[in-house]
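Trainee: I would like to go through this structure slowly, asking at each step what a description rests on.
Mentor: Then let us look at it together and begin.

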Amino acid sequence: MLSRARRRPDTTTGTSVWRLREYRLLWFGDAVSALGSQVTLNALPLIALLTLHGSGSEIGALRVLYMAPFLLLALPAGLWLERARQRRVMLAMDLGRAALALTVPAAAWLDLLGRTQLYLVAVLGGAMTVVSELALPAYLSRLVGPDRLAAGNSGLAVNLATSGTVGPGMTGWLIGRLGPSTTLLVDVASYLVSAVTLLLMREPVPPPALSRRSAAGERTPRDWRGELREGFAAVWHNPPVRALVTASAVASFGVQFVSVAGVVRLVADLDVSPGWFGTAAALAGAGGVLGTVCVPAAVRRLGYGRVLLYGSVLAALPCALFPLSGDPETAVALNCAGFLLIGAGGGATGTATVTLRHLLTPSRVHARMNSVFRLAQFTAIPLGSAVAGLLVDTAGARGTLWVCPVVMTVALIPVLTRPLSRLSTVEPVG
């Protein structure tokens, strides 16, 4: 499965993915819907604040409700998606989220909008998003095949990085032009565009195994517990995949120290305008685009092990820049440079990671494997945020920022282990 040989070319990074009509449709629909999702994610708190005059705790509750399904539904959604028609699931999720987002401006126009509705939109929207996000990479691996998987993942990762960069600023601009509630019509339109692209696609391969009948033709019950164990085993009993999920979870935990303490350090301690922190954070998205675009060529030249190592180092070292500054001007410059480099390193490692974990696991467990992977990440993120918040209150923002490079250095350890460090070419598992 793993090889250090260089004699035969590594075909897992083919760039001809753009010649596939179905991939171009999938990519375009994902690009539009990802941007629309950013509009809703950033607009809901502003609707609560500007339209309903909500409190800080209510705004925080909206984000908690949106993220809760990522923790609660990841495993059951992964189990279900293994035997679901994944393209139809994504289509249903797009139509459902379009209808859900439409209820907000409709209720606002009728003067019926309330907090309970926003809470329902947040939790139901988060639930449909997690199902769609788990179905997408599993479907992609069937759509493009192992020879084009790195290039396919790179294209989708660019969508994610771009939407995260452009989305917050675009949301603010739209709210200023259209008003808070009406802005969600942009999200409605984005999901409908994505749905149309999915409808225009043709199934490239047979759908996942849908039948639950025995050889005698009798319907057999699913062994949910056994399938769940198999999903965990695909991650934890596979040394390179286990190293990948460990590194990803530790890095997701560590970067929260910058997210939480960084804004306190700049805005509260150094009296820097919040707009400058937003500008620096947006550069992380720009760096992410750069990093993901370079992955296919970098893997062909360097191999997966070196791309993971160099990307992880690039994401870890700049974390030491954030606590160095003592004046506002230097702080802004260091934050801009740090976020740009972290974004580039994170984009490269993220794209290489998602490609590798699909190549190293059987296609029949991809959805379950993804659900275990995402569960580890989305457990680490709120845990890191909570610990960072406590440290800011006890050690101060600058002291807390020094924790980030330490944790990100620890995240390098799994990348340096034998299963990943010597990984050059990959023979995809069936």
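**Helices and how they pack**

Mentor: In this predicted model, helix α5 is largely enclosed by the rest of the structure, because 23 of its 30 residues are buried.

Trainee: What makes a residue of this helix count as buried?
Mentor: A residue is called buried when its relative accessible area is under 20%, and since 23 of the 30 residues of α5 are buried, the helix is described as largely enclosed.

Trainee: How does the reach of α5 compare with the expected 44 Å?
Mentor: From its first C-alpha to its last, α5 (residues 115–144) reaches 43 Å, which is close to the 44 Å expected at 1.5 Å a residue; after the helix comes Gly-145, with a positive phi near 80°.

Trainee: Why are α4 and α7 called roughly antiparallel?
Mentor: The axes of α4 (residues 86–109) and α7 (residues 184–200) cross at roughly 160° and come within 8 Å; angles over 145 degrees count as roughly antiparallel, and the two helices are therefore described in that way. The residues of their contact divide into 17 nonpolar, one polar and four charged.

Trainee: And why are α3 and α5 called oblique?
Mentor: Their axes come within 10 Å and cross at roughly 45°, an angle that is neither under 35 degrees nor over 145, nor from 65 to 115, so α3 and α5 are oblique to each other. Ala-74, Ala-77, Gly-78, Trp-80 and Leu-81 of α3 make this contact with Val-131, Leu-134 and Ala-135 of α5, and by class it has seven nonpolar, one polar and no charged residues.

Terms used. Residues are numbered from 1 along each chain as its sequence is written. This is a predicted model: local features need pLDDT of at least 70, side-chain atom pairs count only at pLDDT 80 or more; totals for chains, interfaces and linings use all residues. Side-chain values use heavy atoms; hydrogens and water are left out. Axes are lines fitted to C-alpha atoms, for helices over the stretch in contact, and angles run from 0 to 180 degrees between N-to-C directions. Helices (H or I, at least four residues) and strands (E, at least two) are DSSP runs, numbered from the N terminus. Ala, Val, Leu, Ile, Met, Phe, Trp, Tyr, Cys and Pro count as nonpolar, Asp, Glu, Lys and Arg as charged, and the others, Gly among them, as polar. The expected span of a helix is 1.5 Å times one less than its number of residues. Buried means under 20% relative accessible area, exposed over 50%, partly exposed in between (1.4 Å probe, protein chains only). Contact means heavy atoms within 4.5 Å.
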